[in-house]
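Grab a pencil and work through these exercises with the structure open next to you. Try each task before you read its solution.

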Amino acid sequence: MRMLEVSDLGHTYQGKDGAHTAIDGLGFSVEAGELVCVVGPSGCGKSTLLRTIAGLVRPTSGRVMLHGTPVDGVPSDLAVVFQDYSRSLFPWMSVTRNVEFPLRKLSRRKRAARAAEALSAVGLGKAGRKYPWQLSGGMQQRVAIARALAYRPALLLMDEPFASVDAQTRFELEDLLLRVRREQDTTILLVTHDIDESVYLGDRVLVLSKSPATVVADLDVPLGPVRDQIGTRASGEFVDLRARVAGMLQGNTPVGAR
Ligand code: ADP
């Protein structure tokens, strides 16, 4: 099933200094169960794209369809994980309460069960009573991921989710995402400016041009579902693909044009 379909999407911001087109004629689709990474230079319009898909920004042209329904406002079966974990958790709520927060419509028992399962999936099974400020940055981002997973969204959007943690934690969180995604069959669209991360995580990588962003290439990543930080990153396929993406980002050269 086609989970997400973005067609001819464009967005122009109207500011004091005039109009600025952030994305233009952007189109792609994501199948159920896929993990698709969007990579592009800083400022090219990645967050604008994500916010448009999340219904937080109304596009000035084009259309976003989420499992066959046009997105008009924030869809209820979608979750977003942002880069800034320190602002996405409620500091006065325990970890468990934070994860349960979007599940208010469920019974108390179901909420508790979902939160416990999601926290255990991210390796925080024993941290439920703690408060976010008692945890490291990497652990706080795990809580934000657990909250999104507990909600069981049809589509999980992630906006530079690992950009604010140190390199070692970043690797751990990338592997955590690959594992829970295999276990729970979640459909994920992840935005990053990090070429290596896009190839390491993605089943597909969408390469965006400089602003106004459009899709320069849609690449399959033939690395299989199980990856590891040392072996995969050293493999010939990984090295080739990251060089191709880097070349495209530098020259914005479409696939097959060289
Ligand atoms: P990225 O996520 O790739 O860094 P953004 O989507 O945040 O890019 O921004 C794309 C372009 O749109 C940038 O030039 C940015 O300055 C501009 N932009 C983003 N948000 C706004 C806004 N609310 N008003 C005006 N311009 C904006």
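## Exercise 1: An arginine with partners

Start with this: the side chains of R204 and D218 are joined by a polar contact of 3.0 Å. Keep in mind that the model is a predicted one.

**Task.** Work out where R204 sits, whether R204 is buried or exposed, and which other side chain a polar contact of 2.8 Å joins to R204.

**Solution.**

Step 1. Find the element: R204 belongs to strand 9.

Step 2. Check the accessible area. R204 has a relative accessible area of 8%. Buried means under 20%, so R204 counts as buried with its 8%.

Step 3. Look for the other partner. The side chain of E34 makes a polar contact of 2.8 Å with that of R204.

Step 4. Widen the view. Leaving out residues up to four places away in sequence, R204 touches a list of residues that includes S29, V30, V36 and L219. E34 and D218 are on that list too.

## Exercise 2: Another arginine

**Task.** Now try R87: is R87 buried or exposed? Which side chain makes a polar contact with the side chain of R87?

**Solution.**

Step 1. R87 is found in helix 2, which covers residues 85–88.

Step 2. The relative accessible area of R87 is 72%. The cut-off for exposed is over 50%, so R87 is exposed at 72%.

Step 3. The partner is D84, with a side-chain to side-chain polar contact of 2.9 Å.

Step 4. Here's a distance to try with your viewer: R87 and D194 are 107 residues apart along the chain, and their C-alpha atoms are separated by 22 Å.

## Exercise 3: Reading the six-stranded sheet

**Task.** In what order do the six strands of the open sheet come, and which are the edge strands?

**Solution.**

Step 1. Go across the sheet strand by strand and you get 6-7-8-3-9-10, with mixed pairing.

Step 2. Look for strands that pair on one side only: these edge strands are strand 6 (78–81) and strand 10 (215–220). From one strand to the next, the twist averages 15°.

Step 3. Zoom in on strand 7. Strand 6 runs parallel to strand 7, and four bridges join the two. One pair to find is V81 with its bridge partner M158 in strand 7.

Step 4. Now turn to strand 8. Strand 7 (residues 155–159) pairs with strand 8 (residues 188–192) in the parallel sense, again over four bridges. Here L157 has L189 as its bridge partner.

Step 5. Follow the chain between them: strand 7, helix 6 (residues 167–184) and strand 8 form a right-handed β-α-β unit.

## Exercise 4: What covers the sheet?

**Task.** How many of the residues of strand 7 are buried, and which strands does helix 5 lie across?

**Solution.**

Step 1. Count them: five of the five residues in strand 7 are buried.

Step 2. Sort them by face. L155, L157 and D159 are on one side, L156 and M158 are on the other, and both faces are covered.

Step 3. Add helix 5 (residues 137–150), which lies across strand 6 and strand 7 and runs at about 175° to strand 6.

Step 4. Helix 9 (residues 236–251) also packs on the sheet, where it touches strand 3 (35–39), strand 9 (204–208) and strand 10. The direction of helix 9 makes about 175° with that of strand 10.

## Exercise 5: Around the ligand

**Task.** Which residues surround the ligand, and how far is an oxygen atom of the ligand from a polar backbone atom of K46?

**Solution.**

Step 1. List the surroundings: Y13, H20, A22, P41, S42, G43, C44, G45, K46, S47, T48 and R51.

Step 2. Go through some polar distances. A polar backbone atom of K46 is 2.9 Å from a ligand oxygen, and for a backbone N or O atom of S47 the distance is 2.8 Å. In H20, a side-chain N or O atom is 3.1 Å from an oxygen atom of the ligand.

Step 3. Place K46 in its element. Helix 1 (residues 46–53) is mostly covered, with six of its eight residues buried. K46 is one of the buried residues, along with T48, L49, L50, T52 and I53.

Step 4. Finish just past the helix: G55 follows helix 1 and has a positive phi, near 75°.

Notes: Residues are numbered from 1 along each chain as its sequence is written. This is a predicted model: local features need pLDDT of at least 70, side-chain atom pairs count only at pLDDT 80 or more; totals for chains, interfaces and linings use all residues. Side-chain values use heavy atoms; hydrogens and water are left out. Two strands pair if DSSP finds at least two bridges between them. Axes are lines fitted to C-alpha atoms, for helices over the stretch in contact, and angles run from 0 to 180 degrees between N-to-C directions. Contact means heavy atoms within 4.5 Å. Buried means under 20% relative accessible area, exposed over 50%, partly exposed in between (1.4 Å probe, protein chains only). A crossover is right-handed if, with the strands pointing away from the viewer, the path from the first strand over the helix to the second runs clockwise. A residue is near a molecule or strand if one of its heavy atoms lies within 4 Å of it. A polar contact is a pair of N or O atoms within 3.5 Å; within protein, one must be able to donate a hydrogen and the other to accept it, and residues adjacent in sequence count only if both atoms are side-chain atoms.
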